[in-house]
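User: I am new to this structure and would like to be taken through it step by step. Could you begin with the terms and then turn to the chains?

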Amino acid sequence: MKKSDWILAGFILAAALAVFLLYSAGSEGDVRSLTIRIDDQVYGNYDLNEDQIIVINDTNTLEIKEGKAVMIHADCPDQLCVHQKAISKNRESIICLPNKVVVLVESSEDSELDAVSQ
Amino acid sequence: MRTRVVSFGVFVALALIFSYIEGLIPIRLGIPGAKLGLANLIVVIALYKVSWKETLLLAVVRVLLAGFMFGTLFSIIYSIAGGLFSLAVMMVLKRSGRFSVAGVSIAGGTAHNIGQMVVAMLVIESYSIIYYIPVLLAAGVLTGLVIGIAANEMLKRLVKINL
């Protein structure tokens, strides 16, 4: 291999790193919102960047803190939704089946990776 | 003339077999969409062994044949875009005379991924997948390097064969 080959490879990798850094810097201001649905009816939309506690129909309580949402209370016996990990990324969800509550993170820039696959 | 037709047939056959073998190898590199591009090994060798017209024809024919046999309409479109862009970049770099086989192949592997990415953007009408470009660039350098080293070793042993 010649020296110019290594320079070329280094240049491409540097370009890759630059695009990566640009993208990760740009995604900080990404607007994500939280949609709560009960029995398929939209209950409300909330800003995920704003810390708040949402009481849903007196059955569930959701806390948004530091861009992440977690269910802190549910009146159902199994408590599955309370034990789910905090959600923050696009299309992550917390579902409380007994109360038919669905909490879904939605990004303003929808991820379209699945638009065409094979 | 006769030997050129024969050698072109051998190149197409080898490229097709390599496309097939690649489908059998279960290595996925952990990156969706990234492949080693074994068939590109034949294209790189052809680039150094036969005229650019025949190399171009080989690149198109092998994508069409492999696509109809193993792929889908979409995979043909992606492969044609990647293959032609890759070949164009490799021809320019080879003609410049500054790079060895490995360098030409690295540029080709990267260009292949960029060409596919551009078509993907046009197909889904979104630029949001641009964040995947760093991964594909790095993967292109890696696979291009492997293919380039392999092609270089093969070319060393093919000097006696003049096509």
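Analyst: Helices and strands are here DSSP runs, of at least four residues in state H or I for a helix and at least two in state E for a strand, and they are numbered from the N terminus. The model is a predicted one. With those terms, the elements of chain A, read from the N terminus on, follow the order α-β-β-β-β-β-α-β-β.

User: How many helices and strands does chain B have, and in what pattern do they follow along the sequence?

Analyst: Chain A has 2 helices and 7 strands, and chain B is built from 0 strands. Read along the sequence, the pattern of chain B is α-α-α-α-α-α, and the count is therefore 6 helices, each a DSSP run of at least four residues.

User: What percentage of the residues of chain B count as buried?

Analyst: A residue is taken as buried if 20 or more other C-beta atoms lie within 10 Å of its own. By that cut-off, 18% of the 118 residues of chain A count as buried. For chain B, which has 163 residues, the buried share is 39%.

User: Among the contacts in chain B between residues at least 6 apart in sequence, what share joins residues at least 24 apart?

Analyst: In chain A, residues 24 or more positions apart account for 27% of the contacts with a separation of 6 or more. For chain B, the share of such contacts that join residues at least 24 apart is 73%.

User: In what order do the strands of the 4-stranded open sheet of chain A lie?

Analyst: The order can be followed through the pairings, beginning with strand 1 and strand 2 of chain A, which run antiparallel and are joined by 6 bridges. Strand 1 (residues 32-38) also pairs with strand 7 of chain A in the antiparallel sense, over 7 bridges, and strand 7 (residues 101-107) is joined in turn to strand 6 by 4 bridges, again antiparallel. The order of this sheet in chain A is 2-1-7-6.

User: Which strands stand at the edges of that sheet, and why is one side of each left without a neighbour?

Analyst: In this open sheet of chain A, with the order 2-1-7-6, each edge strand has a single partner strand, so one side of it is left without a neighbour in the sheet. The twist averages 20° from one strand to the next. The edge strands of chain A are strand 2 (41-47) and strand 6 (93-96).

User: Which residue takes a positive phi in the hairpin of strand 1 and strand 2 of chain A?

Analyst: Within this pairing, A:S33 has A:D47 in strand 2 as its bridge partner. The hairpin has 2 residues between the strands, and the residue with a positive phi near 50° is A:D39.

User: Which strands form the edges of the 3-stranded sheet of chain A?

Analyst: The 3 strands form an open sheet with antiparallel pairing, in the order 3-4-5. Strand 3 is joined to strand 4 of chain A by 5 bridges, and strand 4 (residues 60-65) to strand 5 (residues 68-74) by 6 bridges. The strands that pair on one side only are strand 3 (52-56) and strand 5 of chain A.

User: Which residues touch the most other members of the largest nonpolar core?

Analyst: This core has 43 residues, and those touching the most other members are B:A39, B:L41, B:I42, B:V43 and B:V44. Among the elements that each supply at least two residues of this core are helix 1 (3-26) of chain A and helix 2 (38-49) of chain B. Leaving aside residues up to four places away in sequence, B:V43 touches B:A15, B:T55, B:L58, B:A59 and B:L87. The residues asked for are B:A39, B:L41, B:I42, B:V43 and B:V44.

User: How many of the 12 residues of helix 2 of chain B are buried?

Analyst: This helix reaches 17 Å from its first C-alpha to its last, close to the 16 Å expected at 1.5 Å a residue. The buried residues of helix 2 of chain B include B:L38, B:N40, B:I45 and B:L47. Helix 2 of chain B is mostly covered, and the number of its 12 residues that are buried is 10.

Key. Residues are numbered from 1 along each chain as its sequence is written. Chains are lettered from A and ligands numbered from 1 in the order in which they are written. This is a predicted model: local features need pLDDT of at least 70, side-chain atom pairs count only at pLDDT 80 or more; totals for chains, interfaces and linings use all residues. Two strands pair if DSSP finds at least two bridges between them. Axes are lines fitted to C-alpha atoms, for helices over the stretch in contact, and angles run from 0 to 180 degrees between N-to-C directions. Two residues are in contact if their C-beta atoms, placed from the backbone, lie within 7 Å. A nonpolar core is a set of buried Ala, Val, Leu, Ile, Met, Phe, Trp, Tyr and Cys residues joined through C-beta atoms within 7 Å. The expected span of a helix is 1.5 Å times one less than its number of residues.
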